[in-house]
Amino acid sequence: MSKGLGSTVGRSSRRRILRLAGGGITMAALGAGLTGCEDELATGGEGSTPPPRSASPEDGKAPADGKAPEPLWTKSTSAQTYGDNDELVAVDGVVIASGDPLAAFDGATGEERWSLPDGAVPGAPLLLGDGTLYLESGKYDGSVAGYVPGSGKEAWRSRLGKEYRQPRPVAVDAEQVYVIAEILEADGSSHTNVIAALNSGTGKVAWKEQRDLGTQQNGIHAAVQGRYLVYTDFKNNLTVRDTATGKQVWTQKTTKTSYGPFVVHQDLVIVPQGQRLQAFALSDGSEKWSVRTEEFTGFREPSLLEDVLYIADSARTLWAVEPGTGKKIWQSTALKDASAQVPRQFVKVGGTLYGATDLDKQGGIHAFDAKTGGLRWTFNDKSGDYHSWLVATDGKRVYALHGKKLHALPA
């Protein structure tokens, strides 16, 4: 499966608006645009996550249940993120957060390994594919670049063409980088956009297809699975294209706009749509299974980890689901019982599932028993930063980003 799974392009999302509002920015003029956001706000009250405990784990081991660890190290970063899952990555011994300059820190020590001014557009996705980190150029020069994650050295660069503006990578696989770009008119304006594939070896354009009038180049979430490129957008579209030709295989309207990541598993794309979690066949778009949560409750963003789909809902129930069938493995009310915040991004190390919260005044990282959903502990840096938490792992440590503070926690 592509490491570009569930990538997000474009930062004018409802989630960003809500975060800015949480930071004290006046949003009265946007009040009408926030209708329907209750499911994202119903995640618990202020101060619901406990502070970190003073005792550090011995020899870098994970703490016992109920005791949050102290960080192995904490660094201030240049991070400029908007809470999307692909803005923090851990790979090749380094951890990288989207920002300017783009900086990589040694996963074990926290020491800066390399820094890249104008390396990426702040908040843009950090897409990993075939050992390369692909970025939209922070120089806004119409190029897309690939770098060696461990060293920061440039390994690849491509341009879609002068008639296109600001090509933005949305997904990658072993052979191609998929981008969306504005099509320029003679007067410099743009009313349409194109989706294209760039060869990851040569940088040459493999194919390009103009998208329908009225579609947007922002707000795209995309993933690659075999011969299928699948993506959603702000216009309630779920679309699948052939990766070899770019031709549209099928498209359909979703019942509710997907503002967050979806997942693909084998021959299925699984999309949360409010009260329903639906799986569609990649080949033809037919519905294969559907799971419904409680009335007036909405599903959050899903994560697929070791062939288990983890997802929380706004009623503070955590689900583990078989992605192929939709069969429930377990449900946990531990979040509700602890009056804790709802996570919207997950990583897993061994028998522990880690979840990062959203829209919480202080934020936090929850640690769950992956077999039962039991809440073990919550790490909270008590900074009061309004940014959402992001979480990533290299299998040895768990990295938690909150605003400009990057913490390394024992896994």
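**Exercise 1. Strand S3 and its hairpin**

Task: In this predicted model, work out which way the residues of strand S3 (residues 88-91) point, and whether they are buried or exposed.

Solution.
- Step 1. Leu-88 and Ala-90 point one way from strand S3. Val-89 and Val-91 point the other way.
- Step 2. Check burial. The cut-off for buried is under 20% relative accessible area. Leu-88, Val-89, Ala-90 and Val-91 are all buried.
- Step 3. Find the partner strand. S3 pairs with strand S4 (residues 94-97) in the antiparallel sense, over four bridges.
- Step 4. Fix the register. Val-89 has Ile-96 in S4 as its bridge partner.
- Step 5. Inspect the turn. Two residues lie between the strands of this hairpin. Asp-92 takes a positive phi there, near 50 degrees.

**Exercise 2. The largest nonpolar core**

Task: Which residues have the most contacts inside the largest nonpolar core, and which elements give two or more residues to it?

Solution.
- Step 1. The core has 15 residues. Those with the most contacts inside it are Ile-96, Leu-102, Trp-114, Leu-126, Leu-133 and Leu-135.
- Step 2. Two or more residues come from each of S3, S4, strand S5 (102-106), strand S6 (112-116), strand S8 (132-136) and strand S9 (143-147).
- Step 3. Take Leu-126 as a probe. Beyond four places in sequence, Leu-126 touches residues including Leu-88, Val-89, Ile-96, Leu-102, Leu-133 and Leu-135. Asp-86 and Glu-87 are also among its contacts.
- Step 4. Set this against a general trend: in soluble globular proteins, nonpolar side chains tend to be buried together.

**Exercise 3. Lys-348**

Task: Why does Lys-348 count as buried, and what does its side chain reach?

Solution.
- Step 1. Locate Lys-348: strand S27 (residues 343-349).
- Step 2. Lys-348 counts as buried because its relative accessibility is 18%, and the cut-off is under 20%.
- Step 3. List the polar partners. The Lys-348 side chain makes a polar contact with the side chain of Glu-306, at 2.8 Å. The Lys-348 side chain also reaches the backbone oxygen of Gly-350, at 2.7 Å.
- Step 4. Add the wider surroundings. Setting aside neighbours within four places in sequence, Lys-348 is in contact with Leu-305, Glu-306, Tyr-310, Leu-353, Ala-370 and Thr-393.

**Exercise 4. A four-stranded sheet**

Task: Give the strand order of the open sheet that contains S19, and name its edge strands.

Solution.
- Step 1. The order is S19-S20-S21-S22, with antiparallel pairing.
- Step 2. Strand S19 (263-265) and strand S22 (287-292) each pair on one side only, and these are the edges.
- Step 3. Neighbouring strands are turned by 20 degrees against each other on average, direction ignored.
- Step 4. Strand S20 (residues 268-273) and strand S21 (residues 276-281) share six bridges. Val-271 stands opposite Gln-278 in S21.

Terms used. Residues are numbered from 1 along each chain as its sequence is written. This is a predicted model: local features need pLDDT of at least 70, side-chain atom pairs count only at pLDDT 80 or more; totals for chains, interfaces and linings use all residues. Side-chain values use heavy atoms; hydrogens and water are left out. Two strands pair if DSSP finds at least two bridges between them. Axes are lines fitted to C-alpha atoms, for helices over the stretch in contact, and angles run from 0 to 180 degrees between N-to-C directions. Buried means under 20% relative accessible area, exposed over 50%, partly exposed in between (1.4 Å probe, protein chains only). A polar contact is a pair of N or O atoms within 3.5 Å; within protein, one must be able to donate a hydrogen and the other to accept it, and residues adjacent in sequence count only if both atoms are side-chain atoms. Contact means heavy atoms within 4.5 Å. A nonpolar core is a set of buried Ala, Val, Leu, Ile, Met, Phe, Trp, Tyr and Cys residues joined through side-chain atoms within 4.5 Å.
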